[in-house]
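I set out to look up three things here: one helix, the aromatic pairs and the internal cavities. My notes follow in the order of looking.

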Amino acid sequence: MPDPALTDPSVVNPAALLAARAEFDAIDDAVHDLLMRRAALSATLAAQGMKAGGASFRPGREAMILRRLLGRHAGPMPRAALARLWRELIGTSLRQQSDFSVAAVAGTEMLARGHFGLETPLRPQATPAAALAALEAGECSVAVLPSPADGEAPEAAWWAGLDAPGPQVVAALPFLMRPGQSVPSALVLARFGADATPRDRGLLRLERAPGTARDAVAAALAAAGLPPRRLLASADGRRMLAEVEGLVAPGDPRLAPLAPFRAAPIGGYAEPEPDGAPA
């Protein structure tokens, strides 16, 4: 059967189109071969038990993969498309290597799908408390919760009750921020700590005594060597959340001067990348 391109009057140069289609087919085959090779490598890792006893989900490693690819990316293909492709590939590898599922609070489902892949089992949850309960019970691998906001009601301020060795924040969504976006839309929590990368944001939960000004808390953090990038408070003002440069371990000596505020690390995440700008 002749190719329609040879008889379609709207085609200006049928021979050139046919040549381009042949090249597209060759590229598609090469890409497909590499995808199958990548999947086979993930299957080999799973079969050999190379991650036995450890978490297959390594958010820091995933962030560094995407940073490297975004850093070398060029040409007309949008960075967002590249990120979506690789997030699907990473999600596929993760499912090959572990029994992975996600609890997502209402409103975060699309972010969870975009980050962990369309085929990853998603367990919708009505509230942050329900998602955290599912995570702690082992009913899911991670929980995706709305990003904290200043002045939240106690039932919405899910971060206020976090404490080691319980669930910790390990990633932020989306990893590739939309143009103009400066704060993640959601955070990912797991039953292990965050991986360190060259650019991280750590989260500290603090308690504020009555009458203590917000500026005083910020000043104390800065004096301890942990100047806050953001400082949020629950609606009742008792609990505060500080976002700082770099991950903070529970035994970090910088926490000692913050003892009056009962500062406790609750994880952190690899700093997201901006869309439309070099990584």
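For sorting lining residues by class, I count Ala, Val, Leu, Ile, Met, Phe, Trp, Tyr, Cys and Pro as nonpolar, Asp, Glu, Lys and Arg as charged, and the others, Gly among them, as polar. The model is a predicted one.

**Cavities**

I searched for cavities of 30 Å³ or more and found two. The largest holds about 80 Å³ of space. Which residues line the largest cavity? I listed P59, E62, A63, L66, R87, H115, V170, A171, A172, F175, Y269 and A270. By class, that lining comes to nine nonpolar, one polar and two charged residues. I then asked which elements supply at least two residues each, and got α2, β4 (168–173) and β10 (264–270). Helix α2 gives the most, with four residues.

The second largest cavity has about 30 Å³ of space. I noted S147, P148, L187, L203, R230, E243 and Y269 as its lining. These divide into four nonpolar, one polar and two charged. Y269 appears in the lining of the largest cavity and in that of the second largest.

**Aromatic pairs**

I searched the whole structure and found four aromatic pairs. For F57 and F116, I have ring centres 5.6 Å apart and planes at 70°, so I entered the pair as edge-to-face. This pair links distant parts of the chain: F57 sits in the loop between α1 (14–48) and α2 (59–72), F116 in helix α4 (residues 109–116), and they are 59 residues apart. Are F57 and F116 buried or exposed? Both are buried.

F116 also pairs with F100, with ring centres 5.4 Å apart and planes at 40°, so I entered this pair as tilted. F100 is in the loop between α3 (79–97) and β1, and F116 is in helix α4, so the pair ties together parts 16 residues apart in sequence. F100 and F116 are both buried. I grouped F57, F100, F116 and F192 as one aromatic cluster.

**Helix α5**

Which residues of α5 (residues 128–136) are buried? I found P128, A131, L132, A134 and L135. They lie on the same side of α5 because they cover an arc of only 160° around the axis. What covers them includes β1 (102–105), β2 (122–125), β3 (142–146) and β6 (186–190). On the face turned away from the buried side I noted the exposed residues A129 and E136. After α5 comes G138, with a positive phi near 80°.

Key:
Residues are numbered from 1 along each chain as its sequence is written. This is a predicted model: local features need pLDDT of at least 70, side-chain atom pairs count only at pLDDT 80 or more; totals for chains, interfaces and linings use all residues. Side-chain values use heavy atoms; hydrogens and water are left out. Buried means under 20% relative accessible area, exposed over 50%, partly exposed in between (1.4 Å probe, protein chains only). The arc is that of the directions from the helix axis to the C-beta atoms. Contact means heavy atoms within 4.5 Å. Rings of Phe, Tyr and Trp (its six-membered ring) pair if their centres lie within 6.5 Å; planes under 30 degrees apart count as stacked, over 60 as edge-to-face and the rest as tilted. On a 1 Å grid over the protein atoms alone, a cavity is a set of points where a 1.4 Å probe fits but cannot get out, and a pocket is an open set with protein on both sides within 12 Å along at least five of seven lines; lining residues have an atom within 4 Å of a point. Grid points are joined across faces, edges and corners, and a volume is the space filled by probe spheres set on the points.
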